[in-house]
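Dear colleague,

Here is the structure that I promised to hand over to you. Please open it beside this message, and then read on for what was found in it.

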Amino acid sequence: MSAYVPGEQPQDGGWVKLNTNENPYPPSPAVVRAVREALGDDGSSLRLYPSPDSSPLRAAAAEAHAFPSSRVVAGNGSDDLLNLLIRAYAGPGRPVGMLDPSYSLYPVLAAAQDAPVVRVPIGPDFRLDAAAVAASGAALFFLTNPNAPLGAGFPAAEIASLASRFPGLLVVDEAYAAFAEEDCIALAKEMPNVVVTRTLSKGHALAGLRAGYALCPAEVADVLHRVRDSYNLDRLAQAAAAAALRDAGWLAHNVGLIKRTRTRMLHELTAMGWRCVTPCGNFVLTEPASARRAASRETSAHAFEHLRSRRILVRRFPGHPLTEKGLRVSVGTDAEADAFLAAAREWTALD
Ligand code: PMP
């Protein structure tokens, strides 16, 4: 098997880092207070193992979504939950389904369990082919909504209708849902075959901590608790994530800022002649083009290098026809967006 290839994480400073969809703002001050408190003056709390089932985090997630805490499972990042779901429900003869394109970690996790992968293509109109998902034969299907790396969102009503027809476990990966107009939490409350996974990495600005959770049917929660590591989240991550989930005001404000910058990026890129997918996450997939260069894989590589020469890091996905002409650009602060847009304009005027 081959390993997942994460986006570049440069360790030297001076980059405008718009390549891994991190939040550009610091987390809620309540998070910093909670970590300090959990650490104490001398750090002696670290002698003790944390809550084995992350109860503080699960209680906060349950409150935030009016969801029963007994059906919330916490993970070391939502990646941990994706892995647990595959370990528990997929294997030889029990395929993992995914949209194509979507998150490239799923096939890596499936390979580790020797599970076949079924891919349902997303068409050029970015519509969800619900009939193909329903007939995919997957034991569990990952529906990334909003989609990454496209950024497109699928209507919750279409997912609800799909859930009632799909015979397997439908996992709606909502890593980017904080920035979207709709989510499937109501569906996870009702349906016996729907799991929603969430992360604290994006909307809550805690990618460095590694915390996520799944909202599950009771039976699935029970299964995931059996297969997870007994202490899968550390003490500080639990305290921080719980504080972040309780600060709904901070989340709404932060998401508001990011959506405002996202709208500006979308308008300015479109005005420059760069086609964009209507973004529902904290990133924009856009196709560089200029008077001399039509959008293409090569043009995207050329623009990428130009941005890189200006110390602006974005991400390319050259392996799929829907993404190969594009650059995926995380929504940063206004200053970061301005630096990116200036370099993009400079590239557009080249030749
Ligand atoms: N799902 C999708 C679609 C993602 O893009 C990411 C982030 N790379 C994740 C899950 C994982 O997020 P986390 O940081 O919580 O592991």
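I would like to begin with V133, which is found in helix α5, the helix made of residues 130-134. Please keep in mind throughout that this is a predicted model. V133 has a relative accessibility of 0%, and since buried means under 20% relative accessible area, V133 counts as buried. Which residues does V133 touch, if those up to four places away in sequence are not counted? They are L99, V120, L128, F141, L162 and F166. You may also like to find R165, which is 32 residues from V133 along the chain, while the C-alpha atoms of the two are separated by 9.4 Å.

Next, please turn to helix α4, which runs over residues 105-112 and is largely enclosed by the rest of the structure, because six of its eight residues are buried. The buried ones are L105, Y106, P107, V108, L109 and A110. Their cover includes two elements that come before the helix, α3 (78-89) and β3 (96-100), and it also includes the strands β4 (117-121), β5 (140-144) and β6 (169-173). Just after α4 you will come to D114, which takes a positive phi of about 60°.

The elements α3 and β3 appear again in the largest pocket, where each of them supplies at least two residues of the lining. About 800 Å³ of space lies in this pocket. The lining is made by 34 residues, and those that lie nearest the centre of the pocket are Y4, Y103, S104, R315 and R328.

Two loop residues are worth looking at together, and the first to find is S28, in the loop between β1 (16-17) and α1 (29-39). S28 has a relative accessible area of 1%, so it is buried. A polar atom of the side chain of S28 lies 2.9 Å from the backbone nitrogen of A30. When residues up to four places away in sequence are not counted, S28 touches D247 and W250.

The other loop residue is H204, placed between β7 (194-199) and β8 (212-215). Is H204 buried or exposed? It counts as buried, with a relative accessibility of 8%. Leaving aside the neighbours within four places in sequence, H204 is in contact with P27, T199, A244, L245, W250 and L251. You will notice W250 in this list, and W250 is also touched by S28.

Finally, I would ask you to follow helix α11, which covers residues 297-309 and so has 13 residues; from its first C-alpha to its last it reaches 19 Å, close to the 18 Å expected at 1.5 Å a residue. The buried residues of α11 are T299, S300, A303, F304, H306 and L307. Why do these residues lie on the same side of α11? They do so because they cover an arc of only 165° around the axis. They pack against β11 (312-313), β12 (327-330) and α12 (334-348).

Both ends of α11 also deserve a look. At the N-terminal end, S296 caps the helix, with a side-chain oxygen that lies 3.3 Å from the backbone nitrogen of E298. Just after the helix, R311 takes a positive phi of about 60°.

With kind regards

Notes
Residues numbered from 1 in each chain as written. Predicted model: local features only at pLDDT ≥ 70, side-chain atom pairs only at ≥ 80, totals over all residues. Heavy atoms only, no water. Helix = DSSP H or I, 4+ residues; strand = E, 2+ residues; numbered from the N terminus. Buried < 20%, exposed > 50% of the residue type's maximum accessible area, 1.4 Å probe, protein only. Arc of directions from axis to C-beta. Contact = heavy atoms within 4.5 Å. Polar contact = N/O pair within 3.5 Å; in protein donor to acceptor, adjacent residues only side chain to side chain. 1 Å grid on protein atoms, 1.4 Å probe; cavity = no way out; pocket = protein on both sides within 12 Å on 5 of 7 lines; lining within 4 Å. Points joined across faces, edges and corners; volume = space filled by probe spheres on them.
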